[in-house]
Every structure is written in structure tokens, then in C-alpha cells.
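Trainee: Could you go through this model with me? I would like to see how each label follows from its cut-off.

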Amino acid sequence: MRILGIETSCDETSLALVRAERGRFVVEKILTASQILIHKKYGGVVPEVAAREHAETIFPVLKKMLPLDSLRSLGESGGKHSFARGKVSIDAIAVTAGPGLITSLRVGVDVGRTLAWLWRKPLIGVNHIEGHIAANWLPPAKSGRGTIPKIEFPAVALVVSGGHTELLCMKKLGHYELMGATRDDAAGEAFDKTAQLLGLDYPGGPAVSKLAEKGNPRAVKLPRPMIASGDLDFSFSGLKTAVRVIVETRVGARSSRPGGITPPLRVADVCASFEEAVCEVLVTKTLAAAKKARAKTVLLGGGVAANRRLRAMLAAALAEKLPKVRYVEPDLVWTSDNAAMIAAAGYFALQEKRRSDPLTLAPDAGWELGR
Ligand code: KG4
Ligand code: ZN
């Protein structure tokens, strides 16, 4: 079975063809048009600009991916397309229907609905978070091939992105129970805001983590918010405020203001200390969730899952404290928003007989998984 995945929930216009066969996925094609350079000058994603870019880009990307002579041939193809190696047919369409920016989601959802209608193929509206979790089943991006890891349930998934920080329990494929979530900022948002305070590049996560590699994680004492709260919720807004105070009083030239009694701090040290604080909270709560759910597997997903310190810390903590729990993490390429993970989640949803109606599927900006 071959699935066309469509992802436009934020600022990446991504389309993918993913084949599911005999226990594995093959990512046959993936094209992602990033808008990072456009939003960089605003220091964040501007929803109206993002939606317009999706609308202008999605058909050129589709045309590039499928060998189409014209949009007319798109309608007449019935989902069958001639590639160099012969005719291939698209059997289903999976599109991100939420959560995300409503105007951005609308573009992808409407294209998905139209194609499903034209080709008379099943349509599945996929939850973006579900996609980030499904990325754990995708093969390494370089080879595009690989066996689907045998993931045993119950599994606990830590999803950390620009908009979400959630712990979900999966008793089986396609079933999600929310165990905990952030009460304010998401982990990725905290990275982005810290980067902004430090005058670093957008998006902030990669910039902070790159500098953190050269810094001392014990240089600044930062809080570990809610680490001992007894529940599985998170809060990162206080951490951001703590970083602001540090930046205003101790970083660079500003530390030499009258009253600046402590020696100046290097930006790399602030980055490393901040990263350590976030990762420590994430890892502690993930272990608590795994214990509570008697998990056999821990999965990781979302843009912040690209953070090497988080990956290393989680792997080490699980190996030490819960050695029977298997740790699975997605290939780095599949951590950021992409349509291959949406196609994979769509495949699982189809196995569960989940389908959306092309006439009525509507994007849901606040779609919460597992509540
Ligand atoms: O999943 P994603 O691509 O988009 C959303 O669904 O939000 O996640 C983007 C977030 C941004 O906040 C970005 O700064 C963060 O993931 N991020 C990272 C790293 N790479 C991306 N955060 C920490 N370390 C990284 N290496
Ligand atoms: Zn995402």
C-alpha cells in the first residue's frame, strides 16, 4: 500500500510517498519546502504569511513529486502515476488536520480532500502529534528503507516540539492517553525564547544546542520547574524568566554595569545550563511516566527530539534506572515536521479502520490527542 502524506500545520510544506509493505515502511519520495528564511526576519512564524506560502507552494511541490504534465492530468490520473520504473498507484491520502495554525492546516486539508475526491481514495485526517510519534517507525532517512521496529506496548511517548510538550501512553497502536502536558510554554518554545534573549538565530533550538556543546552545564544555577511536582505536567515559562534575569545581569558587557558583582558569563555556558535544566526535567518525568504505565517501550518525537543532549540523557537514564524498557528514537531527519511521519500515522489509522470524509474533513487547530 502506498500513502501520500501531506503536512502543512506550521511553516513546512511537506509531501511524501510512503510504501507500507511486509512489516516495514519505505519512504519513496519526500519533498519539503521550508519557510524558515521567510519567517526568520520576524523572529517567529507569521500565520498569514505561512498560509499564503503553503497555498503558493503546495501544487508546485506536488507537481515535482508526481510526474504530472499539468494539473489536468492530476485529476484524470485516478491516483495512478507513471514513474521511470513504471506505473505506481497511490492507495490513500493522509493529511495533518490539527493541531497547528488554522490557516496553514486549511491549505493541506483542502488539497488532501480534493485529491481524495478526485481519485476516489481513502482520506485520513492525522493528528500532528500522532505523526511525531509515528516517526519512530520510519526507516533511517539515508537509506529510505528498514524494518519497522517491533515496538512493544504499553509504550510511553515524550513529544517535544515548538507547540507541545506531552507524555502519552499507548496501550496499542492508534490509542493514546495523555499522561501529562505543559501548563504554559512548550519545550521548543522555551529554547526559541532563550535564543532570542541571547540574540541567537531563529529557530532557537538548534542554535542553543550547538552553542551548549561548548558550554559548562553547571555554570549557572537554573530552576528545574515542577521536577518534584508528583504529577507528569511541565512548566517552562519560569525557566525562561530565570534566563532573562541572568542575561540582563551577567552576560557579556552588561555584567559590568554598576552593581554587577558576578563575573561575566559566556553565552555558551548559559545555553548549556539552560539545556541541562530542560533535559533533566523532561527525562525525570519521562521515567516517572514509564514507571507509572509499566511501559515496555519509550518513544521520543517532535522538533526538540533532535536535541543530542536530550537523546543521550534519556538513553542513559533509561539504561540505568529502567533497563528492561526499550528506548526508541526517530532518525534525526524525521524529528522536524515532515510528511513521511504523517503518511506512517495515516497507515496505522487505516489499519484501525479510521477514515475521514473528503466532503466534511475540517482542520482543527486545537485538536488534542488522548484527552
Ligand atoms: O516539531 P517541530 O518541527 O514543529 C512543531 O510541531 O512545533 O518543532 C520545532 C521546535 C522549535 O521550537 C525548535 O527550536 C525546536 O523544535 N528544535 C530544537 C532542536 N531542533 C529543533 N530544540 C532543541 N534542540 C534542537 N536540536
Ligand atoms: Zn511538529
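Mentor: Gladly! Let us start with residue classes: Ala, Val, Leu, Ile, Met, Phe, Trp, Tyr, Cys and Pro count as nonpolar, Asp, Glu, Lys and Arg as charged, and the others, Gly among them, as polar. By that split, the shell around ligand 1 holds 4 nonpolar, 12 polar and 2 charged residues. This is a predicted model, where local features need pLDDT of at least 70, side-chain atom pairs count only at pLDDT 80 or more, and totals for chains, interfaces and linings use all residues. Residues are numbered from 1 along each chain as its sequence is written, chains are lettered from A and ligands numbered from 1 in the order in which they are written, and side-chain values use heavy atoms, with hydrogens and water left out.

Trainee: What makes the backbone of G162 a polar contact of ligand 1?

Mentor: A polar contact is a pair of N or O atoms within 3.5 Å. An oxygen atom of ligand 1 lies 2.8 Å from a polar backbone atom of G162, so the pair qualifies. G303, at 3.0 Å from a ligand oxygen, and G163, at 3.4 Å, pass too.

Trainee: Why are H128, H132 and D337 called donors of the zinc ion (ligand 2)?

Mentor: Donors are N, O and S atoms within 2.8 Å of the metal (3.2 Å for Na, K and Ca); water is not among the atoms, so sites may look incomplete. H128 (NE2), H132 (NE2) and D337 (OD) lie 2.0 to 2.1 Å from the zinc ion, so they count as donors. Their sequence spacing is H-x3-H-x204-D.

Terms used. Polar contact = N/O pair within 3.5 Å; in protein donor to acceptor, adjacent residues only side chain to side chain.
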